[in-house]
Amino acid sequence: MAFYYNEPSRTFSEYLLIPNKTSKECQPQNVSLRTPLVRFKRGETPALHLNMPLASAIMQSVSDHNMAIALARSGGISFVFCSQPIESQADMVRRVKKFKAGFVASDSNLRPDQTLHDVVAQMKRTGHSTIPITDDGTPNGTLMGILTSRDFRPHRADLKAPISNFMTPLAKLKYGREGISLSEANDMIWDHKLNCLPIVNDEGKLRYLVFRKDYDQHRENPEELVDAHKRLVVGAGINSRDYKERVPALVEAGADILCVDSSDGYTEWQFETIRYIKDTYGDSVRVGGGNVVEEEGFRYLVEAGADFVKVGVGPGSICITREQKGIGRGQASAVIEVAKARDALYNETGLYVPICSDGGLLLDYHVVLALAMGADFVMQGRYFARFDESPGRKLRVRGNFMKEYWGEGSDRARNWQRYDVGGDGGLSFEEGVDAYVPYAGRLKDNVEITTTKIKSTMCNCGALSIADLHRNARITLVSATSIREGGAHDVVLKESDRATEP
C-alpha cells in the first residue's frame, strides 16, 4: 500500500521563532549573512559563497542580466533564466561579467570618421552622454578619443561634420592601463578631476570605462559579490534536454555556477545531467540540482554530484502544480526534512551540501524561518519581480502601478523543459499563471529593508551568523487564533476609516 506521512504538510506561516537571550554583542551591525553556495568538506572553505542569503528565481519574469547585476551588487546571486535560446542566455551572462563591479564594458562606440548626426542618434538611443571613439567603432577597438555631450551643441554645430573635429583625442586624454585596480582608477579620477577614465590594454585597445558616478555606487555596495578578478558573480539555469550544448556556451560566457531548472529534481534525467557536467568538467564547473522535498531526493542529487540542492515543489505564488497534479509538500515541512538529511550526511561523511529554500516566502520573516529551519539561502520570484530591475513591464492596473509576473509553467513562458517527464516534449497543460505584482521600486532599497529585518530577527534569536541560527534557533507551531493575535486586531486602523472630531 502507499506510504503515508503522519505529520501534516506545513507552511512557514504555521511557525514562529522563540526569542533566545540577546547579548550586548548581538546588534544588527555585527550580524554576518555570509553563507556557503557550494558543497565543501569539513575544515575547508567553500569555493563560492553569498554575502547575503538571497537568490532570484530562474524565471523569464525575474532573472535577466539587469537583475543579476543589481542583486550581485547587493551581495546575492541571480540565475539567468534558461527558457531562451542558448546564445541569448550566454550573452546575458557576458553582460554581467563585463560589468566588472565598477569597470564598465562600453556599448556606445563610434568611429572618428562618423558624423555628429550619428552621435546625436546614439545618445538618444542609449541615453549615454559619453561615447568612446575607436578606430573601428567596436567596444574593443583602438581608442582614438572620447566625445561627450559637453563637446558640442546640437542646435549650433554642423551635424554633418566628422566626430574627429570635436572629440578629445587620445593624446590629450588621461587613461589607465588594464590591470589597474578599481581603487587606483578612482584615485586617478579624483586626482585629475575626470568624469570618465578609459582603461586600455598594452596595444591601446579599449577595455573598460570607469565613471566618477560609479564611485559613490561602489561605496554604497560594500557587500558586492565578485569573483577573483573583481567581476560580478552570476549563475545560469540549464535544463535536462539541451545541456550538452547549453553548458559549454554558458561556461565560455563566464557563468560562475549553474543550476538545473526543474519542478521535480528526483529524476534520472537530472541525475544524468549533473553527472555529465561533473564527469566533463569536474569541480571547475559548479552546478546545483533540484527541486526535491524529502531526504531520498536530496541524497539522490548529492550522489549525482550536485553542489547545492533546491527544496520546494509547488509553493510559488504563480505555481499551480499542486492544483493541477496534486503533488508537492508544504515548504516548511520540506525544508525541515531536507535540512535534517543534509546534517546527517555531514555527520556521516564530513561533506556539507548547502540547501536552498525555493518559494513559499510570502513575508520577510519567512526568510528567517527558512534559514532557522536549516536553509543556507533562499530563492524568490515574486519578491524580485516587483522591482525596477526585473524584465516585466511596469503598468498601471486599476489605478496602481504593477509589474508583470508569469510562471515558467504558464502558457506565456511555455518552459516545458522545466516540467519534462520524457517523451517528445511540449506543454500539455499549464502549471503556472500569468499575473501582476505590486510595483516596489529599486532592488537595493527593498533588499536593504529585508536584510535589516533578517539581522534584527537573528539578534532576537541570539544569532550572529546563519550557522548560529541553524544551531540555536527555537521554533514553535502556532494556532489559527495566535496567527490572528500576531497582527493588528480589535482596533480600527486610521487609514481604513476617516475619523472626525466631534
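Is Asn-239 buried or exposed? At 3% relative accessibility, Asn-239 counts as buried, because the cut-off for that class is under 20%. The structure is a predicted model. The points below cover the loop that holds Asn-239, the nonpolar core, the surroundings of Leu-33, helix α1, the salt bridges and a surface patch.

**The loop at Asn-239**

- Asn-239 sits in the loop that runs between β13 (235-238) and α6 (243-253).
- A polar atom of the Asn-239 side chain lies 2.7 Å from the backbone nitrogen of Arg-241.
- The backbone nitrogen of Asp-242 is also approached by the side chain of Asn-239, with a polar atom at 2.9 Å.

**Nonpolar core**

- In soluble globular proteins, nonpolar side chains tend to be buried together.
- The largest nonpolar core here has 105 residues. Those with the most contacts inside this core are Leu-37, Ile-77, Phe-79, Leu-258, Phe-298, Phe-384 and Met-458.
- Helix α10 (residues 331-349) gives the most to this core, contributing seven residues.
- Met-458 touches Val-31, Ser-32 and Leu-33, among other residues, when those up to four places away in sequence are not counted. Its other partners on that count include Val-368, Ala-463, Leu-464, Ser-465, Ile-466 and Leu-469.

**Leu-33 and its surroundings**

- Leu-33 belongs to the loop between β1 (15-18) and β2 (35-36).
- The relative accessible area of Leu-33 is 5%, so this residue is buried, the limit being under 20%.
- Leaving aside neighbours within four places in sequence, Leu-33 is in contact with residues including Leu-50, Asn-51, Met-52 and Pro-53. Its contacts on the same basis also include Thr-451, Ile-454, Lys-455, Met-458 and Ile-466.
- Thr-451 lies in helix α13 (residues 443-460). With a relative accessibility of 12%, Thr-451 counts as buried.
- Not counting residues up to four places away in sequence, Thr-451 touches Leu-33 and Met-52.
- From C-alpha to C-alpha, Leu-33 and Asp-358 are 18 Å apart in space, with their positions 325 residues apart in sequence.

**Helix α1**

- Helix α1 (residues 65-74) is largely enclosed by the rest of the structure, because nine of its 10 residues are buried.
- The buried residues of α1 are His-65, Met-67, Ala-68, Ile-69, Ala-70, Leu-71, Ala-72, Arg-73 and Ser-74.
- The N-terminal end of α1 is capped by Asp-64, which has a side-chain oxygen 3.1 Å from the backbone nitrogen of Asn-66.
- Gly-75, just after α1, takes a positive phi of about 110°.

**Salt bridges**

- There are 26 salt bridges in the structure.
- Asp-364 and Lys-453 form one of them, with their closest N and O atoms 3.1 Å apart. This pair links distant parts of the chain, since Asp-364 is in helix α11 and Lys-453 is in helix α13, 89 residues apart.
- Asp-364 is buried, with a relative accessible area of 17%, whereas Lys-453 is partly exposed at 42%.
- Lys-97, Asp-227, Arg-231 and Asp-256 are joined into one network by salt bridges that share partners.
- Asp-343 forms a salt bridge with Arg-342, where the closest N and O atoms are 2.7 Å apart. Arg-342 counts as buried at 1% relative accessibility, while Asp-343, at 35%, counts as partly exposed.
- Asp-113 and Arg-111 form a salt bridge with 3.0 Å between the closest N and O atoms. Asp-113 is exposed, with a relative accessible area of 52%, and Arg-111 is partly exposed at 33%.

**Surface patch**

- Leu-16, Leu-362, Leu-363 and Tyr-365 make a nonpolar surface patch of about 360 Å².
- Leu-363, one of these residues, is found in the loop between β18 (355-358) and α11 (364-372).
- Leu-363 has a relative accessible area of 46% and is therefore partly exposed, as this value falls between the 20% and 50% limits.

How values were computed. Residues are numbered from 1 along each chain as its sequence is written. This is a predicted model: local features need pLDDT of at least 70, side-chain atom pairs count only at pLDDT 80 or more; totals for chains, interfaces and linings use all residues. Side-chain values use heavy atoms; hydrogens and water are left out. Helices (H or I, at least four residues) and strands (E, at least two) are DSSP runs, numbered from the N terminus. Buried means under 20% relative accessible area, exposed over 50%, partly exposed in between (1.4 Å probe, protein chains only). Contact means heavy atoms within 4.5 Å. Patches are made of residues with over 30% relative accessible area and no salt bridge: like charges are joined within 9 Å, nonpolar side chains (Val, Leu, Ile, Met, Phe, Trp, Tyr) within 5 Å. Accessible areas come from the Shrake-Rupley method with a 1.4 Å probe; for residues, only the protein chains shown count as cover. A salt bridge is a side-chain nitrogen of Lys or Arg within 4 Å of a carboxyl oxygen of Asp or Glu. A polar contact is a pair of N or O atoms within 3.5 Å; within protein, one must be able to donate a hydrogen and the other to accept it, and residues adjacent in sequence count only if both atoms are side-chain atoms. A nonpolar core is a set of buried Ala, Val, Leu, Ile, Met, Phe, Trp, Tyr and Cys residues joined through side-chain atoms within 4.5 Å.
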